[in-house]
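Welcome, and please open the model in your viewer. We will go from one selection to the next, with a stop at each.

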Amino acid sequence: MPTLQVDTLRFDFDATVAAQIYDQWQHYTAVWNAATGGQKAVDVVAVEGAPPPSVAWLIEAKDFRVITNPPKPSNIGGLAQFVADKVMHTLAGLADASANAVETGEKELATDALASGTRRIVLHLEPHTGAHSALFPAGFAASVLQQLRRLVKSIDANPLVLKIANTPAAGVPWTVS
């Protein structure tokens, strides 16, 4: 069972899933993002299914339960656009990695992700636990989901915005703690 730690969140994937922290790939850090420094990346790329791969999951994780510094504007009002940009950049990066990555594991996961019949986008968004505010109004996650659907519908018509509490019911092949 692959386990990945993304900041404060622990993702435990089913045994049928290959998952890696994409923004730590050698290809991403040393090649794809090295030239311009402007390539965004989702946190996790996961591929479900034995060959042939069936689903590629592009997962971005945000944990607003405890805030120690003011969040970046891109993580609040522009969160949906920020995630959509990360997805587009990641797909381009995966295409380059599938052809040019030196690390075999990165090249294979990129190739499998691109060969998957279905691509799914998940924003794991742990909400702020304090009172609702201008930064985190009531319905924040629903608003982000609505915007995200519009922005990524050509890739995934039904992206997910999950939190720890509703992840098991979403039917995804992982749990988060």
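A residue counts as buried when its relative accessible area is under 20%. Keep that cut-off in mind for this tour of a predicted model.

Start by selecting Ser116, in the loop between α3 (104-115) and β6 (118-126). Its relative accessibility is 8%, so Ser116 counts as buried. Now show what surrounds it: leaving aside neighbours within four places in sequence, Ser116 is in contact with Val47, Pro53, Ser54, Val55 and Ala56.

Next, select strand β4, residues 44-48. Four of its five residues are buried, so the rest of the structure largely encloses this strand. On one pairing, β4 runs antiparallel to β3 (residues 17-21), joined to it by five bridges; look for Ile21 with its bridge partner Val44. β4 also pairs with β5 (residues 55-63), again in the antiparallel sense and over five bridges. Here Val45 stands opposite Leu58, and Glu48 has Val55 as its bridge partner.

Follow the chain from β4 into β5 and you trace a hairpin with six residues between the strands. Pause in the turn at Gly49, where phi is positive, at about 105 degrees.

Now zoom out to the whole sheet. It is open, with five strands in the order β3-β4-β5-β6-β7 and mixed pairing. β3 and β7 (160-162) are at the edges with a single partner strand each, so one side of each has no neighbour in the sheet. From one strand to the next, the twist averages 20 degrees.

For the last stop, select helix α4, residues 140-152, which lies across β6 and β7. The helix runs at about 155 degrees to β6.

Key. Residues numbered from 1 in each chain as written. Predicted model: local features only at pLDDT ≥ 70, side-chain atom pairs only at ≥ 80, totals over all residues. Heavy atoms only, no water. Buried < 20%, exposed > 50% of the residue type's maximum accessible area, 1.4 Å probe, protein only. Helix = DSSP H or I, 4+ residues; strand = E, 2+ residues; numbered from the N terminus. Pairing = 2+ DSSP bridges. Contact = heavy atoms within 4.5 Å. Axes fitted to C-alpha atoms, helices over the stretch in contact; angles between N-to-C directions.
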